[in-house]
Amino acid sequence: MTEHTLKAFDIDLQELARKVAEMGGLAERQFANSIQALIRRDLELAQRVIAADPAIDVLQHEIEEKAILTIARRQPMAVDLREVVGALRMASDLERIGDLAKNNCKRASALSGDFHPQKLMRGLEHMGSLVLNQLKQVLDAYAARDPAGAVAVWNADEQVDSLCTSLFRELLTYMMEDPRNITFCIHLMFCAKNIERVGDHTTNIAETVYYIVEGHALADQRPKGDTTAFANLPAN
Amino acid sequence: MDAMTQVEDRTAAIGGAIRARVENLSFFYGEKQALVDVSFPIYDRKVTALIGPSGCGKSTLLRTLNRMHDLYPGNRYQGRVVLYPEEIDIVSPKVDPMLVRLKIGMVFQKPNPFPKSIYDNVAAGLWVRGIRKKSMVDERVEQSLRQAALWDEVKDRLRTSAYGLSGGQQQRLCIARALAPEPEMLLLDEPTSALDPIATARIEELVMELASSVTIVIVTHNMQQAARISNYTAFMHLGQMVEYEETALIFTSPKERRTQDYITGRYG
């Protein structure tokens, strides 16, 4: 795209996009580390993730300030306006992703005991790597301003939701088998739910990327596969 | 233009009525073509803004609507501008330009009141129409000055010279003068370019109020102004109509690259 006649405007927009990309990279790293910390029972890694979370919050504030200043000074229109508003929305989603990664790490010690059911942990790892891939792809789509990439991420969330549902069923089975498993399984359930939430935030980012480029919202109903809210306990 | 049909369908669906339609209008200053096959609707009692870079033809187009170009020799219209519901082609040589100017008034960039009293300025439009009865003229003068949000400021000095007013007041006087003959349409050619921000805001507020009773077409090089007060915006470039759309849509997601480049400041 051609440059603005007022160069400072270009610089403002580039700086904003750069900060969002930086925040995206941070959030991605935090999330990846949080999965590793849980799977490998690495409490030190978990602590590092928790300690690194404030940096993400700082970036969010910087992005908000920059966006508001850009609106005040430049009165952006059309695609420029969508970029600025998009940056605000994405910063909010990325900050939540960082929080969810941190929250999972807080539970790491509860999941680090002797009881370590392979099947459940593999299920969690699978879900985690799927969502991590989604996050990478959506951040790539943002960097390239690629609407098709955004739509692909948007559609693939259904898979994540289905995995979460089946993981919940597994967890129920474990809990019914042996009440001593309950504590572990509850913590794992929260972690799984947090990962699924990261997936939802990733689709929000996909919608924002699409909106920035195309100028209108992605169609309304996203295919949903998470039926955990409707899960029934089998009869005793 | 397919995009134009979409706008018209959308507006028709919510009951918007067309007050005038510009149909394949071209205009020539002698040999030079200043407007190239321009077509768009002007909606009844809505504000339509014409925006575009210098020399794009927006002022030329505006002046076509009230036959200003007839004042100079060598100018030529091609195409039609149909006024509804009468269905008169106002650029047809068969139509008297004076009649057009009674129906369609204009306010210019630099306030240009007559070198007469405030009262005489507003009354002039009525006298031209043959309205001479004093009580009627008094009533219409007051009404027009009220409509232009100027009455309270001048009611005690109607017989003083218009030149005693401030720039913003003079411009509102010109608007009152244009409103006196009860026009169907009001054309505003960069009406606030010469005014300070406060006077500008008052005129903008006035325009939005007037739109409920008069159809308004405004030329402005201030995009934020077009975004603030218009319902429909037409972007022009090199004599052509590049894009015509509801204001809200054209400033958030324009369809044409040239439109986006202009409104985001990427021209040149």
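User: Happy to start with chain A of this predicted model. Among its contacts between residues at least 6 apart in sequence, what percentage join residues at least 24 apart?

Analyst: Good place to begin! Chain A holds six helices and zero strands, and its elements run α-α-α-α-α-α from the N terminus on. Among contacts between residues at least 6 apart in sequence, the share joining residues at least 24 apart is 82%.

User: What does the C-alpha trace of chain A span along its principal axes, and how much of the chain counts as buried?

Analyst: Along the principal axes, the C-alpha trace of chain A spans about 70 × 40 × 25 Å. Of the 236 residues of chain A, the part that counts as buried is 40%.

User: Is Ile35(A) buried or exposed?

Analyst: Ile35(A) sits in helix H1 (residues 7-39) of chain A. The cut-off for a buried residue is 20 or more other C-beta atoms within 10 Å. Because Ile35(A) has 22 C-beta neighbours inside 10 Å, it counts as buried.

User: Leaving out residues up to four places away in sequence, which residues does Ile35(A) touch, and how far apart in space are Ile35(A) and Leu132(A)?

Analyst: Not counting residues up to four places away in sequence, Ile35(A) touches Glu125(A), Gly128(A) and Leu132(A). Ile35(A) and Leu132(A) are 97 residues apart in sequence, yet their C-alpha to C-alpha distance is 9.2 Å.

User: Does the end-to-end distance of helix H5 (residues 147-177) of chain A agree or disagree with its expected span, and what are the values?

Analyst: Helix H5 of chain A has 31 residues, so at 1.5 Å a residue it should span 45 Å. There is a kink of about 25° in H5(A), centred on Ala156(A). The end C-alpha atoms of H5(A) are 47 Å apart, which agrees with the expected 45 Å.

User: Which helices of chain A are included in what covers the buried residues of H5(A)?

Analyst: The buried residues of H5(A) include Val153(A), Trp154(A), Ala156(A), Asp157(A), Val160(A) and Leu163(A). An α-helix has 3.6 residues a turn, so residues three or four places apart point the same way. What covers the buried residues of H5(A) includes helix H4 (118-144) and helix H6 (182-214) of chain A.

User: Over to chain B: which strands are the edges of the open sheet?

Analyst: The sheet has six strands in the order E6-E7-E8-E3-E9-E10 (chain B), with mixed pairing. Its twist averages 20° from one strand to the next. Pairing on one side only marks the edge strands, strand E6 (104-107) and strand E10 (240-246) of chain B.

User: What are the bridge partners of Ala49(B) in E8(B) and in E9(B)?

Analyst: Strand E3 (residues 47-51) of chain B pairs with strand E8 (residues 215-219) of chain B in the parallel sense over four bridges. Four bridges also join E3(B) to E9(B), again running parallel. The partner of Ala49(B) in E8(B) is Ile218(B), and in E9(B) the partner is Thr233(B).

User: Which residue takes a positive phi in the hairpin of E9(B) and E10(B)?

Analyst: E9(B) is mostly covered, with six of its six residues buried. Six bridges join E9(B) to E10(B) in the antiparallel sense, and Ala234(B) has Tyr244(B) as its bridge partner in E10(B). The hairpin has two residues between the strands, and the residue with a positive phi near 50° is Leu238(B).

User: Finally, which helix gives the largest share of the side of chain A that touches chain B?

Analyst: The contact takes 14 residues from chain A and 14 residues from chain B. The largest share of the side of chain A, four residues, comes from helix H3 (residues 78-106) of chain A.

Technical notes
Residues numbered from 1 in each chain as written. Chains lettered and ligands numbered in written order. Predicted model: local features only at pLDDT ≥ 70, side-chain atom pairs only at ≥ 80, totals over all residues. Contact = placed C-beta atoms within 7 Å. Expected span 1.5 Å × (residues − 1). Bend = angle between axes of the 7 residues up to and from the residue. Buried ≥ 20, exposed ≤ 12 C-beta atoms within 10 Å, placed from the backbone. Pairing = 2+ DSSP bridges. Axes fitted to C-alpha atoms, helices over the stretch in contact; angles between N-to-C directions.
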